[in-house]
Amino acid sequence: MSNLDYLTEIRTFYSLKEMRESVESQINQHKSLLEDYSQWLGVLLRKPDLAKNPEWAKKTAELQKVLKTGGKREKKEEKTVTTSGWVQFKDIMLCTEEFGEAEILFEAIEELKTKIEKLEKAKASIIELERYGLGKELLYAVYIHDGVPEKILLKSRKDVANKEEKFEFVAEFSREYTLE
């Protein structure tokens with residue numbers, strides 16, 4: 001995943017194909033990361049000493065339920081010590097319990113699934129645009145928010161070329177030679 005994945009940006013694409021390939025690349029990166037985190041979580045959940053702990057099993061089941069329903073813990077609860085051992089320190093949460101590792105993995109996995117879903121929907125929309133056969137004389141200025149294309153401005157390449165010509169720098173240089 002690139003460092004720019006969660007930035008808001010405007011990118012220009014010269015074709016819908018180029019835009020679609022960019023989105024497909026993002027999807028593949030997110031799927032790869034999702035697979036890595038899922039394997040990491042699987043290894044963690046299969047640890048023999050943790051699997052026998054009834055408190056661990058209870059916390060894991062509770063966390064899975066909260067994340068699958070799309071719910072988040074109440075803000076009030078996050079600001080104090082929670083049952084999973086998280087403590088608020090300024091603007092971040094700290095944890096020393098092993099369960100914290102599972103918790104951040106569950107949250108990251110759910111976030112990646114949501115991002116992949118949004119990217120898949122954006123890709124489907126781009127494919128539909130390709131089917132409509134928009135002209136090749138277009139540029140696509142794309143508003144990308146949190147790594148997902150949300151808005152596309154269609155610009156004529158001719159208009160852009162004409163505007164660029166207006167700002168062309170023209171200068172004459174002369175070189176005089178002197179004989180000494």
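**Loops, sheet and helix packing**

User: Asp146 is placed in the loop between E4 and E5. The model is predicted. What is the phi of Asp146?

Analyst: Most residues other than glycine have a negative phi. Asp146 is not a glycine, yet its phi is positive, at about 55 degrees.

User: Is Asp146 buried, partly exposed or exposed?

Analyst: The buried class ends at 20% relative accessible area and the exposed class begins over 50%. Asp146 has a relative accessible area of 33%, so it counts as partly exposed.

User: Which residue in the loop between strand E2 (87-89) and strand E3 (92-94) has a positive phi, and is it buried or exposed?

Analyst: The loop between E2 and E3 holds Lys90. The phi of Lys90 is near 55 degrees, a positive value in a residue other than glycine. Its relative accessibility is 67%, and the cut-off for exposed is over 50%. The residue is therefore Lys90, and it counts as exposed.

User: What is the strand order of the open sheet of 3 strands?

Analyst: The pairing in this sheet is antiparallel. Strand E1 (9-13) and strand E5 (148-156) are the edge strands, since each pairs on one side only. The twist from one strand to the next averages 25 degrees. The order is E1-E4-E5.

User: Which residue in E4 is the bridge partner of Glu9?

Analyst: E1 pairs with strand E4 (residues 138-145) in the antiparallel sense, over 5 bridges. For Glu9, the bridge partner in E4 is Ile144.

User: Which helix packs on the sheet?

Analyst: The helix in question touches E1, E4 and E5. Its direction makes about 130 degrees with that of E1. This is helix H1 (residues 16-45).

User: How are H1 and helix H5 (residues 98-132) oriented, roughly parallel or roughly antiparallel?

Analyst: The axes of H1 and H5 are 9 Å apart, and the two helices pack at an angle of about 160 degrees. Angles over 145 degrees count as roughly antiparallel. H1 and H5 are therefore roughly antiparallel.

User: How many residues of the contact of H1 with H5 are nonpolar?

Analyst: H1 passes H5 in a left-handed crossing. The contact includes 3 polar and 10 charged residues. The number of nonpolar residues is 22.

User: What percentage of the residues in the chain is buried?

Analyst: The chain has 6 helices and 5 strands, and its elements run β-α-α-α-α-β-β-α-β-β-α from the N terminus on. Among contacts with a separation of 6 or more, 66% join residues 24 or more positions apart. Of the 180 residues in the chain, the buried share is 27%.

Definitions and conventions
Residues are numbered from 1 along each chain as its sequence is written. This is a predicted model: local features need pLDDT of at least 70, side-chain atom pairs count only at pLDDT 80 or more; totals for chains, interfaces and linings use all residues. Side-chain values use heavy atoms; hydrogens and water are left out. Two strands pair if DSSP finds at least two bridges between them. Helices (H or I, at least four residues) and strands (E, at least two) are DSSP runs, numbered from the N terminus. Axes are lines fitted to C-alpha atoms, for helices over the stretch in contact, and angles run from 0 to 180 degrees between N-to-C directions. Contact means heavy atoms within 4.5 Å. Angles under 35 degrees count as roughly parallel, over 145 as roughly antiparallel, 65 to 115 as roughly perpendicular and the rest as oblique. A crossing is left-handed if the near helix is turned anticlockwise from the far one by less than a right angle, and right-handed if clockwise. Ala, Val, Leu, Ile, Met, Phe, Trp, Tyr, Cys and Pro count as nonpolar, Asp, Glu, Lys and Arg as charged, and the others, Gly among them, as polar. Buried means under 20% relative accessible area, exposed over 50%, partly exposed in between (1.4 Å probe, protein chains only).
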